[in-house]
Structure formats: C-alpha cells, structure tokens
Amino acid sequence: MADIRRRAAVLGSPIAHSLSPVLHRAAYAELGLDDWSYDRFEVDEAALPGFVEALDPAWAGLSLTMPLKRAVIPLLDGISPTAASVEAVNTVVFTEDGRRVGDNTDIPGMIAALRERGVEKVESAAILGAGATASSALAALAVICAGPVTAYVRSKERGDEMRGWGQRLGVDVRVADWADGGRALDAPLVIATTPAGTTDALATGVPERPGILFDVLYEPWPTPLAAGWSARGGAVVGGLDLLVHQALLQVEQMTGLSPAPLAAMRRAGEAALTGR
C-alpha cells in the first residue's frame with residue numbers, strides 16, 4: 001500500500017463546519033504521511049450506501065457524524081463491542097482483506113479527555129440531555145462512575161430511553177425533569193450533552209465550589225455554563241478535548257501508527273476555532 005495514495009474522510013449532514021479534516025491533516029503532517037488525504041463529504045442516510053459501495057482500495061477509513069452513526073451499521077462486516085454497546089459507529093476502518101469494521105471512539109475519547117484532567121473515578125454524576133451523545137456519556141460513566149447517574153431530560157420517553165441504556169450498560173440511572181436541571185450542577189461530575197444555548201440559563205446557578213464540568217460543545221466556546229464554571233474555580237473539560245481524543249484514536253486505527261500526535265492535533269483545532 002506504500003505506493004498508493006491513501007484516503008479518509010468525515011461524512012455527515014450538515015458537515016461544513018466539521019473540524020475533523022483539520023485534526024486528521026495535522027496528524028498526517030506530524031506523522032510524515034505525505035501521501036494521505038482527509039476530506040469532508042455531505043452525505044445523508046439515503047446517500048450513504050451508494051457512497052460506501054463506490055469507495056476504491058485507496059480508502060483507509062471514514063469518520064461518521066450525525067445522522068449516520070446508526071445508519072452505517074447494516075453496511076459493515078462487523079462492529080466492536082464498544083460500538084455495539086450504544087448501537088453507534090463513528091469510525092469505519094477498511095482492512096487489507098476488504099472488510100469494513102466499525103468502532104466508536106467517542107466513548108474512549110470521553111474517558112481519555114477526563115483522565116487527561118486527572119479524573120479517574122467519581123462517586124456519582126449528572127447528565128444534561130438524553131440524545132446520542134448522552135448514551136455515549138453513559139457508556140463512559142460505566143467505566144469511571146462508582147455510583148448513580150442522574151439524567152435530566154425533557155420527556156418521559158427520553159427518561160425511559162436513558163433508563164434502558166443504563167440497564168444495558170450496567171449504570172444505575174435515575175431520571176429527573178429538565179426543569180430541575182440546576183440541581184445537576186451539585187454533582188461531582190456534570191456532563192452537558194445538549195445543543196448550543198440549551199444550558200445557558202443554568203450558568204447563573206453554578207455552586208460556590210463546583211466539581212468537574214464536561215461540556216461537549218466546542219463552538220461557540222466557552223459556553224456561558226463553562227465560563228461560569230471556570231469563574232468559580234471548577235475544572236472544565238470541553239468539546240475540543242473530546243474531539244481531539246476521539247480523532248486521535250481514529251488516526252491510530254486508520255493509519256496503524258501509534259501514538260498519534262495529540263499536541264499537534266489540539267494546536268490545529270485551537271487555531272481553526274480562533275480563526276472562525
């Protein structure tokens with residue numbers, strides 16, 4: 001394969017603002033992979049099967065964002081236990097024998113981002129939100145949280161979904177109403193998984209001595225909640241931390257080279273966000 005130009009890309013819809021090309025290209029440059037390219041393609045669920053079928057042997061892998069993380073599974077030859085645990089694939093690697101193998105690097109990426117800040121174990125945690133990212137957060141908490149996790153949700157249906165994920169992942173999930181979301185901020189670890197603006201109203205309620213906040217957003221940054229948390233002296237893990245750590249694992253899987261250059265990837269991501 002050394003004489004064949006290798007390709008990878010991120011797929012999703014919308015995809016224009018994805019930072020994945022910046023991070024992966026920075027890694028390729030640092031690793032000396034001059035014959036590798038990484039692009040982005042606007043692909044929705046209807047177009048995904050045709051896109052995947054048309055790929056030639058030069059392709060090493062794909063990164064997937066919404067709405068493709070579940071839609072891709074029927075197109076694969078196998079998925080990792082991590083991906084199976086949340087029924088979501090964000091990474092596809094094309095093996096030398098032509099197989100398509102799916103994985104989920106969001107979950108170990110979350111764990112790595114927290115460990116980078118010294119968070120190895122917590123006694124309890126709170127999750128704001130109940131979407132796909134929240135299920136990945138639950139899977140990460142299955143590894144690092146010793147006690148219950150309270151999920152703050154907007155509907156009974158969402159609450160039932162989170163309880164179901166908890167049972168599947170072996171996490172003691174308790175459900176609370178979104179209207180009581182201010183109480184989440186007293187938890188030792190708070191993971192905010194909701195879209196931009198959703199947690200802004202909670203920013204004025206940050207406790208005097210906050211624990212750790214993991215806000216999965218990276219743009220705009222800091223969010224009002226993250227800014228309020230930092231102002232109180234609390235530790236904050238941001239969406240760029242997650243993005244870099246999950247991309248690092250993708251680079252290692254797609255290229256077969258390890259370790260991927262974390263510092264260079266983070267610098268590239270910070271520079272790209274500053275320039276926007």
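Trainee: Which residues does Leu68 touch, not counting residues up to four places away in sequence?

Mentor: In this predicted model, Leu68 touches Leu11, Gly12, Val43, Asp44, Glu45 and Leu48, once residues up to four places away in sequence are set aside. A contact list of this kind is best read together with the place of the residue along the chain, and Leu68 lies in the loop between β3 (59–64) and β4 (78–79). One of its partners, Leu11, is 57 residues away in sequence, although the two C-alpha atoms are 7.8 Å apart in space.

Trainee: Is Leu68 buried or exposed?

Mentor: Buried means under 20% relative accessible area, and Leu68, at 0% relative accessibility, therefore counts as buried.

Trainee: Val43 is on that contact list; where does Val43 lie, and with which residues is it in contact?

Mentor: Val43 also has its place in a loop, here the one between β2 (36–42) and α2 (48–53). Leaving aside neighbours within four places in sequence, Val43 is in contact with Leu11, Gly12, Ser13, Leu48, Phe51 and Leu68. Its relative accessibility is 3%, so Val43 counts as buried. For the separation along the chain, take Ile15, which is 28 residues from Val43 in sequence and 8.2 Å from it in space, C-alpha to C-alpha.

Trainee: How should I read the nonpolar cores, and which residues have the most contacts inside the largest one?

Mentor: The general idea is that in soluble globular proteins nonpolar side chains tend to be buried together. In this chain the largest nonpolar core has 35 residues, and those with the most contacts inside it are Ile127, Leu138, Leu141, Met162, Leu189 and Phe214. The elements that give two or more residues to this core are α4 (106–116), β7 (125–128), α5 (132–144), β8 (149–153), α6 (156–169), β10 (189–192) and β11 (212–215). Of these, α5 gives the most, with seven residues. Apart from this core lies another, of 18 residues, among them Leu11, Leu68, Leu75 and Val89.

Trainee: Phe214 is named among the residues with the most contacts in the largest core; what does Phe214 touch?

Mentor: Not counting residues up to four places away in sequence, Phe214 touches Met110, Ala113, Leu114, Leu189, Val190, Ile191, Ala192, Val237, Gly238 and Leu242.

Trainee: Turning to the backbone, which residues are joined by a cis peptide bond?

Mentor: The angle to inspect is omega, and for the bond that joins Ser13 and Pro14, which is cis, omega is about 5°. Pro14 is found in the loop between β1 (6–12) and α1. The peptide bond from Trp221 to Pro222 is cis as well, with omega near -5°, and Pro222 lies in the loop between β11 and α7 (224–231).

Trainee: What is the phi of Glu87, and where is this residue found?

Mentor: Phi of Glu87 is near 50°, a positive value in a residue other than glycine, and the residue is found in the loop between α3 (81–86) and β5 (91–94). With a relative accessible area of 36%, Glu87 is partly exposed. Beyond neighbours within four places in sequence, Glu87 is in contact with Lys69, Arg70, Ile73, Trp165 and Arg168.

Trainee: And how is Ser20 placed?

Mentor: Ser20 has its place in helix α1 (residues 20–31), and its contacts, leaving aside neighbours within four places in sequence, are with Val10 and Tyr38. At 7% relative accessibility, Ser20 counts as buried.

Trainee: How many helices and strands does the chain have, and how should its overall dimensions be read?

Mentor: The chain has nine helices and twelve strands. Its radius of gyration is 19 Å, close to the 19 Å that the globule rule gives for 276 residues, so the chain is as compact as a globular protein of that length. Along its principal axes the C-alpha trace spans about 60 × 35 × 30 Å. Burial can be read for the whole chain too, and 53% of the 276 residues count as buried. Among contacts between residues at least 6 apart in sequence, 64% join residues at least 24 apart.

Trainee: What remains to be said about the surface and the charges?

Mentor: The accessible surface comes to about 12300 Å², of which 51% belongs to carbon and sulfur atoms. As for charge, the chain has 24 positive and 33 negative side chains, and the centres of the two sets lie 3 Å apart.

Key
Residues numbered from 1 in each chain as written. Predicted model: local features only at pLDDT ≥ 70, side-chain atom pairs only at ≥ 80, totals over all residues. Heavy atoms only, no water. Helix = DSSP H or I, 4+ residues; strand = E, 2+ residues; numbered from the N terminus. Rg over C-alpha atoms; globule rule 2.2 N^0.38 Å. Buried < 20%, exposed > 50% of the residue type's maximum accessible area, 1.4 Å probe, protein only. Contact = heavy atoms within 4.5 Å. Areas by Shrake-Rupley, 256 points an atom, 1.4 Å probe, with all protein chains shown as cover. Lys, Arg positive; Asp, Glu negative; His and termini not counted. Charge placed at Lys NZ, Arg CZ, Asp CG, Glu CD. Core = buried A, V, L, I, M, F, W, Y, C linked by side-chain atoms within 4.5 Å.
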